[in-house]
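Could you walk me through this structure in the viewer, telling me what to select at each stop and what is there? I work at the bench, so a friendly tour would suit me well.

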Amino acid sequence: MDYINYIVETTKDLLAIPGPSGLTGGCTEYLTGKLEEMGYHPSLTRKGSLLVDLDGDVQSNQGAIVLAAHIDTLGAMVAEVKANGRLKLTNIGGLNPNNTEGENCTVYTRTGKKYEATFQLINASIHVNGAYNETARSFDTMEAVLDEPVKTKEDAEKLGIMTGDYVCFEPRTRVTESGYIKSRFLDDKLSSGILMGYAKYLKEEKVTPGRRVYLLFTSYEEVGHGGCAGIPEDAEEFLSVDMGCVGEGLACDEMMVSICAKDSMGPYDYDVVSDLIRIAREKDLGFAVDVYPHYGSDADAALKAGHDLRHGLIGPGVYASHGYERSHIEGVRNTFELLKGYLE
């Protein structure tokens with residue numbers, strides 16, 4: 001089977017399901033169905049993460065490993081229904097108003113109704129607003145303009161819109177003929193797709209991992225506590241499979257798998273990082289080892305919560321993180337092959 005194509009198609013499906021931190025039920029429902037079709041038995045944790053045992057060798061002296069990817073994304077929430085019926089938003093995670101201006105979004109009300117909107121600068125007509133170019137983009141200077149005939153706060157409230165409603169942004173997913181994958185929220189639905197591809201590979205090829213392997217799809221990574229809970233008691237190692245950073249001063253590009261040696265919390269486990277590098281070299285993979293200056297992972301969250309684990313972080317290179325992101329099928333392939341080599 002072409003597992004890379006399966007990963008890309010699964011990622012596209014996930015990207016089409018809205019999932020800001022705390023609103024990931026649609027994603028877990030989708031993944032549960034796919035995993036059960038493969039013959040696994042996933043379960044939900046209390047905080048909404050999805051855990052599944054991949055049926056590895058439970059007698060191994062290596063100890064169990066958790067492979068974690070997060071299904072939650074950036075998003076927003078209604079902070080105020082304004083007097084003119086427009087919506088002031090507050091960010092969920094690191095959503096940046098500088099790269100969401102003019103983006104289509106959907107308001108999800110607590111009654112189940114949905115309404116389309118656009119996130120715009122206040123007074124967004126450049127022919128009217130003489131300060132358009134000089135205005136800093138922030139959640140105080142921007143607003144969601146509903147695609148409904150509302151003129152007042154009362155008009156919006158009659159639709160069922162209220163403070164606390166989620167606002168989800170369009171992903172605008174594309175896969176080019178040259179193999180580039182472009183979308184909002186590749187962080188971290190692309191690596192979630194990779195873990196699904198690995199689970200399918202084990203079943204299709206009848207491969208038993210050399211130790212017990214769990215997948216953990218977390219639901220609050222973008223707000224800092226995704227990996228704090230839901231970790232099985234027999235786990236001795238935690239490998240975050242997230243996005244690899246691409247940018248000035250780093251060696252990784254979109255066609256590589258990135259191995260993180262250190263992020264903003266500190267260094268990753270020396271032996272884990274060294275083993276990942278050794279396997280990447282042995283398999284002749286396209287890879288880079290980098291230090292991430294502004295980054296935190298689910299592995300960091302697990303350690304901060306007090307779990308005694310070896311920890312690591314890998315992922316396909318992703319450019320323009322937390323914006324309109326871009327990766328490549330070769331980055332997916334290299335990450336998938338590194339996982340296979342590390343776990344077998």
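Before the first stop, a word on residue classes: Ala, Val, Leu, Ile, Met, Phe, Trp, Tyr, Cys and Pro count as nonpolar, Asp, Glu, Lys and Arg as charged, and the others, Gly among them, as polar. Please also keep in mind that this is a predicted model.

**Stop 1: the largest pocket**

Select Glu221, His294, Tyr295, Gly296 and His322. Of the 27 residues that line the largest pocket, these are the closest to its centre. The space here comes to about 470 Å³. Now colour the lining by class, and you should find eleven nonpolar, eight polar and eight charged residues. Which helix gives the most to this lining? Highlight residues 298-304: that is helix α6, which contributes four residues.

**Stop 2: the second largest pocket**

Next, pick Pro18, Cys168, Phe169, Glu170 and Pro171, the residues closest to the centre among the 20 that line the second largest pocket. Its volume is about 220 Å³. Show strands β6 (103-108) and β9 (166-169) as well, since each supplies at least two residues of the lining. The largest share, four residues, comes from β6. By class, this lining has twelve nonpolar, five polar and three charged residues.

**Stop 3: a cavity**

There is one cavity of 30 Å³ or more to visit, and about 50 Å³ of space lies in it. To find the place, select Leu74, Leu95, Arg184, Phe185, Asp187, Glu222, His322, Gly323 and Glu325, which line the cavity. You met His322 at the first stop, where it was listed among the residues closest to the centre of the largest pocket. The cavity lining divides into three nonpolar, two polar and four charged residues.

**Stop 4: a three-stranded sheet**

Switch to a cartoon view and look for the open sheet whose strands run in the order β10-β11-β18, with antiparallel pairing. Strands β10 (174-175) and β18 (325-328) stand at the edges with a single partner each, so one side of each has no neighbour in the sheet. Zoom in on β11 (residues 180-183), which pairs with β18 over four bridges. Which residue of β18 is the bridge partner of Ile181? Click on Ser327 to see that partner.

**Stop 5: salt bridges**

Side chains of opposite charge can pair when their charged atoms come close. The whole structure holds 20 salt bridges, and three of them make good stops.

- Glu236 and Arg310: the closest N and O atoms are 3.9 Å apart. Glu236 lies in strand β13 (residues 235-241) and Arg310 in strand β17 (residues 310-318), so this salt bridge ties together parts that are 74 residues apart in sequence. Glu236 is partly exposed at 36% relative accessibility, and Arg310 is partly exposed at 29%.
- Lys283 and Glu337: here the closest N and O atoms are 3.7 Å apart. Lys283 sits in the loop between α5 (270-282) and β16 (287-291), while Glu337 belongs to helix α7 (residues 329-343), 54 residues apart. Lys283 is partly exposed, with a relative accessible area of 34%, and Glu337 is partly exposed with 21%.
- Arg333 and Glu330: the closest N and O atoms are 3.2 Å apart. These two are three residues apart in helix α7, so about one helical turn separates them. Arg333 counts as partly exposed at 34% relative accessibility, and Glu330 as partly exposed at 30%.

For a last selection, show Arg211, Glu236, Glu237 and Arg310 together: salt bridges that share partners join them into one network.

Note on methods: Residues numbered from 1 in each chain as written. Predicted model: local features only at pLDDT ≥ 70, side-chain atom pairs only at ≥ 80, totals over all residues. Heavy atoms only, no water. Salt bridge = Lys/Arg side-chain N within 4 Å of Asp/Glu carboxyl O. Buried < 20%, exposed > 50% of the residue type's maximum accessible area, 1.4 Å probe, protein only. 1 Å grid on protein atoms, 1.4 Å probe; cavity = no way out; pocket = protein on both sides within 12 Å on 5 of 7 lines; lining within 4 Å. Points joined across faces, edges and corners; volume = space filled by probe spheres on them. Pairing = 2+ DSSP bridges.
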